[in-house]
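Student: I have a structure open and a list of labels attached to it. Can you show me how each label is earned?

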Amino acid sequence: MTVDDSGSGSGARPASRPAGGAEGRGRSEPGGGGAPQGAPDPSGPSTSPGRPDVASSDPDSDPVGGPRGDESGAEPSGTPAEAWQQDLPDGDDVPMLRHVADEAPAAPDGKAEPGDDPLALRLEQLILGAERRYTAFQAARTAGVSMELASRFWRAMGFADIGQAKALTEADVLALRRLAGLVEAGLLSEAMAVQVARSTGQTTARLADWQIDSFLEGLTEPPEPGMTRTEVTYPLMQLLLPELEEFLVYVWRRQLAAATGRVVQVADDEEMVDRRLAVGFADLVGFTRLTRRMEEEELGELVEAFETTCADLVAANGGRLIKTLGDEVLFSADDAGTAAEIAFRLIETMANDETMPELRVGIAFGTVTTRMGDVFGTTVNLASRLTSIAPKDSVLVDTAFAEDLTRTGDAPASEAEAAEAAERAEKEGLEVPSYRFALQPMWQRPVRGLGVVEPWLLTRR
C-alpha cells in the first residue's frame, strides 16, 4: 500500500481492500469474522508491504514493514529516518513531525526523555496501559494514515505537537486506525471524524482535570507519616483506574441512550438537527462585586456549590444542563412548562441559602442548532438578553415561550380570562381550571442585536 504523506488530506487509504489477509488485519470488517482490531494474527507475521501488524512491528528498525522504494523499485539511501523524510515535501509542513530546535534525541522504548519525571512516566504507562514506542510519523505510517490526517486527529483531541519525540503507544496507533476505518467504511466523513475527536477530547479533558483536582489532596498527603508522594500516588491510581473507566463507560452509554431517545421521538426529520427547545440562563446577581471582597478559595466554593445545585435541579426536573459559566448556567428543556418549573426551583433553592446571592433567569422558546453538546442561534441569544434585564429573583420569558405555556394549559392567556373561566365553571358546576403559572406582559424594549422584544414576567400562581 502506498501512503500519501504529501498533505493532500485524502486520508491516504487504499481504493479497495481484499477481504481478510494481511491488509485487513488489525480491523474487523463489517460482517467479517477476522481477528479483533489490534489482535495478533495467529497465522504468523504480516507480509503486507503497506501496513505491518502493530503487535509485531519494530519501529526502531523498520516502521513500515520493510524498505520502501521509489516508483522504479530502487530503495532509498541513508537511515530509515532519512527514507521517511524523502516521502515528505518538507518536514515543517507536518505539525506533529515539525523539528524543534535543540531537541534532545528520542529515548529508547518506554524510557523517559531528558527532563521527564520518572514518576510521571510510570503513571503514564500505568494509565495508558502501554509504554512509549512511536514517533508521530511512525505511528501514522504504522496505522496506515497520512501524517496530515493523524495530526488533525491529534490536535482535535487537544494535544500539543510532539515534534520527533518518541511519545506515542500502541493505543495511539489503534485509535488512529479506528477513526480512519470509520471514514474508510463510509460511516463518518473525515470532517465528522475530526469532530468526534474534538468533542471527545474536550469533554474528557475537563473530566480528567476535575478528577485530578478532586483527588489532589489524596495524591499529595500520605495517609501515614513517612510515606512519600510516590508511594501514595501509584497504588492509588492502580485502584482508581479500572473503577473510573467502568463508570465512565456506563455513564456515557446511559447518556447516549437518553440522547438517542430524545432524537428518535421527534416527528419531523428536520427537527432532529434544528430543534424547538426552551433555553434558559440562570445568572447570579452581583457576582462581580463578590469577586472583589471574597477570598479565592471562598469564591471557588461558592461557584462549585452553585454549579452543583443547578446541575442537580435541572436534571431532576427533566431538563439538560448545557454548560456552566462560573456565575451563570445554560439549560434547556423540551417544553416551556418544564423550563418554567426548573427556573422557579432554582430561584427558590438559592433564596433559601443565605450564602448565595440572588438569582435571575431568562428563558426563550424557539428553534436552536445543536453542535457538540452546545446550543446556538437567535433563541439562545434572546434568552441571554432577557437574563441581563430580569429583576433579581425573577423570571423573564419571550412571547413564544408565553404562547407555548398558554397552549399547554400551564398558564392562562391573561388573568382576566382566567377569572372569567373560573366564574363560568362555578356557575355550570364544572371543575375550575387550574394553572401552574401566570404571565404578565412588560413594556416593549429594544434589545441589542435583536430589535424590539416584549418580555413577559413569569410567576407562580
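Tutor: We take the labels in turn and set each value against its cut-off.

Student: What kind of model is this?

Tutor: This is a predicted model. The chain has 461 residues, and 38% of them count as buried. Its secondary structure comes to 14 helices and 10 strands.

Student: Why is Ala339 called buried?

Tutor: Buried means under 20% relative accessible area. Ala339 has 0%, so the label holds. Ala339 sits in helix H11. Beyond its sequence neighbours up to four places away, Ala339 touches Ala278, Phe331, Ala333, Ile363 and Phe401. Val314 is 25 residues from Ala339 in sequence, and their C-alpha atoms are 8.7 Å apart.

Student: Which helix gives the most to the largest nonpolar core?

Tutor: Start with the core itself. The largest nonpolar core has 39 residues, and Leu359, Val361, Ile363, Val395, Phe401 and Leu458 have the most contacts inside it. Helix H11, residues 336-351, gives the most to this core, with nine residues. A second, separate core has 23 residues, including Phe137, Ala139, Val145 and Ala193. In general, nonpolar side chains of soluble globular proteins tend to be buried together.

Student: What is Leu359 in contact with, leaving aside its neighbours within four places?

Tutor: Its partners include Ala282, Leu284, Val285, Phe306, Leu346, Ile347 and Met350. Asp283, Lys392, Asp393 and Ser394 are also in contact with Leu359.

Student: Why is strand E3 described as largely enclosed?

Tutor: Count its residues. Strand E3 covers residues 328-333, and six of the six are buried, so the rest of the structure largely encloses E3. Glu328, Leu330 and Ser332 point one way from E3. Val329, Phe331 and Ala333 point the other way, and these too are buried. The general rule is that side chains in a regular strand alternate between the two faces of the sheet.

Student: How do you know that E2 and E3 are paired?

Tutor: Pairing needs at least two bridges between the strands. E2, residues 320-324, and E3 have four, in the antiparallel sense, so they qualify. Thr324 stands opposite Val329 in E3. The two strands form a hairpin with three residues between them. Gly326, in the turn, has a positive phi of about 80°.

Student: What makes Glu170 and Arg133 a salt bridge?

Tutor: The cut-off is 4 Å, from a side-chain nitrogen of Lys or Arg to a carboxyl oxygen of Asp or Glu. Their N to O distance is 2.3 Å, so the pair passes. The pair links distant parts of the chain, 37 residues apart: Glu170 is in helix H6, and Arg133 is in the loop between H3 and helix H4.

Student: Are Glu170 and Arg133 buried or partly exposed?

Tutor: The buried label stops at 20%, and partly exposed runs from there to 50%. Arg133, at 19%, is under the limit and therefore counts as buried. Glu170, at 23%, is therefore partly exposed.

Student: How do you know that Asp283 and Arg360 form a salt bridge?

Tutor: The same test applies. N to O is 3.1 Å, within 4 Å, so the label stands. Asp283 lies in strand E1 and Arg360 in strand E4, so the pair ties together parts 77 residues apart in sequence. Asp283 is buried at 8%, whereas Arg360 is partly exposed at 22%. Elsewhere, salt bridges that share partners join Glu341, Arg345, Glu348, Asp410, Arg436 and Arg460 into one network. The structure holds 15 salt bridges.

Student: What makes Leu248 eligible for a nonpolar surface patch?

Tutor: A patch residue needs over 30% relative accessible area and no salt bridge. Leu248 has 40%, so it clears the area limit. Leu248 lies in helix H8. Leu207, Trp210 and Leu248 make up the patch, which is about 290 Å².

Student: How much accessible surface does the chain have?

Tutor: The total is about 25,700 Å², and carbon and sulfur atoms hold 53% of that.

Key
Residues are numbered from 1 along each chain as its sequence is written. This is a predicted model: local features need pLDDT of at least 70, side-chain atom pairs count only at pLDDT 80 or more; totals for chains, interfaces and linings use all residues. Side-chain values use heavy atoms; hydrogens and water are left out. A nonpolar core is a set of buried Ala, Val, Leu, Ile, Met, Phe, Trp, Tyr and Cys residues joined through side-chain atoms within 4.5 Å. Buried means under 20% relative accessible area, exposed over 50%, partly exposed in between (1.4 Å probe, protein chains only). Contact means heavy atoms within 4.5 Å. Patches are made of residues with over 30% relative accessible area and no salt bridge: like charges are joined within 9 Å, nonpolar side chains (Val, Leu, Ile, Met, Phe, Trp, Tyr) within 5 Å. Accessible areas come from the Shrake-Rupley method with a 1.4 Å probe; for residues, only the protein chains shown count as cover.
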